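Please find below a short colleague's note, arranged as numbered points, to be read alongside the sequence and the coordinates.

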Amino acid sequence: MIALRRFGWEFLLALFVVMAGTTASLLSPYYLSFGQITYSLQQSIAVIGIIAAGLVPVIIVGEIDISQAAMLAFGNILLAFCSAAHLPVLFALAAVVILCTAMGALNGVLVTAFALPSLAVTLGTMEAYRALALLVGGHGEYASFGTGYVWLGSATIAGSVPISLLFLVLIFGGFSFLLHGTVFGRLAFAV
């Protein structure tokens, strides 16, 4: 009874998730199929999880960053341009990581150096990064990525375990160590 009072909201949320899953599986025989579950893990959960992992330290220190989706859009467009230019995948990934890290660092500098509220800063930079993505990418589309570019999002190990899911587990392990096993992590929690 004490647990129900203490965790009532979480129990209600878990109940809604179970109800939604049950309803979806009754409406479609493919919903709980192994192929559908691995596809969902591969295509959406890994991307959302990687973004969430990067946001955890920001939230721990009591701030917020709502510009991550716009940075992701810019990174995707930059990756598409690198693929169209037939650049090596490692170069493209390094370029995307460096530029998106610089975007996040700009957010951090604006918040810390000028004592601006993180919500306002990231709301503004979110629109700026979206505009940059639209300016660079235009309204066109690009779908013919090279095989090296597609590998991380579509490859599997042992025939069924998505590489992107293993990458997500590796990132979560790294962030877990960073937050619980380093001085930086202890300082973040202290803030």
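**Notes on cysteines, one helix pair and an aromatic pair**

1. At a relative accessibility of 17%, Cys-100 counts as buried, in what should be read throughout as a predicted model. Cys-82 is likewise buried, its relative accessible area being 6%.

2. Searching the whole structure turns up zero disulfides. For Cys-82, which is in no disulfide, the nearest cysteine sulfur belongs to Cys-100 and lies 11 Å away, and because a disulfide requires the two sulfur atoms to be within 2.5 Å, this separation does not qualify. Seen from the other side, Cys-100 is in no disulfide either, and the nearest cysteine sulfur to it is that of Cys-82, 11 Å away.

3. Helix α3, spanning residues 34-60, and helix α8, spanning residues 163-180, have axes that come within 9 Å and cross at roughly 10 degrees. Since angles under 35 degrees count as roughly parallel, α3 and α8 are therefore described as roughly parallel to each other.

4. On the α3 side, the residues that meet α8 include Leu-41, Ile-45, Gly-49, Ala-53 and Ile-60, while on the α8 side those that meet α3 include Ser-164, Phe-167, Ile-171, Phe-175 and Leu-179. By residue class, the contact of α3 with α8 divides into 15 nonpolar, four polar and no charged residues.

5. The count of aromatic pairs comes to one, formed by Phe-145 and Tyr-149, whose ring centres are 6.4 Å apart and whose planes make an angle of 40 degrees, a tilted arrangement. Within this pair Phe-145 counts as partly exposed, at 31% relative accessibility, whereas Tyr-149 counts as buried, at 14%.

Notes. Residues numbered from 1 in each chain as written. Predicted model: local features only at pLDDT ≥ 70, side-chain atom pairs only at ≥ 80, totals over all residues. Heavy atoms only, no water. Axes fitted to C-alpha atoms, helices over the stretch in contact; angles between N-to-C directions. Helix = DSSP H or I, 4+ residues; strand = E, 2+ residues; numbered from the N terminus. Parallel < 35°, antiparallel > 145°, perpendicular 65-115°, else oblique. Contact = heavy atoms within 4.5 Å. Nonpolar A, V, L, I, M, F, W, Y, C, P; charged D, E, K, R; others polar. Buried < 20%, exposed > 50% of the residue type's maximum accessible area, 1.4 Å probe, protein only. Phe/Tyr/Trp six-rings, centres within 6.5 Å; stacked < 30°, edge-to-face > 60°.
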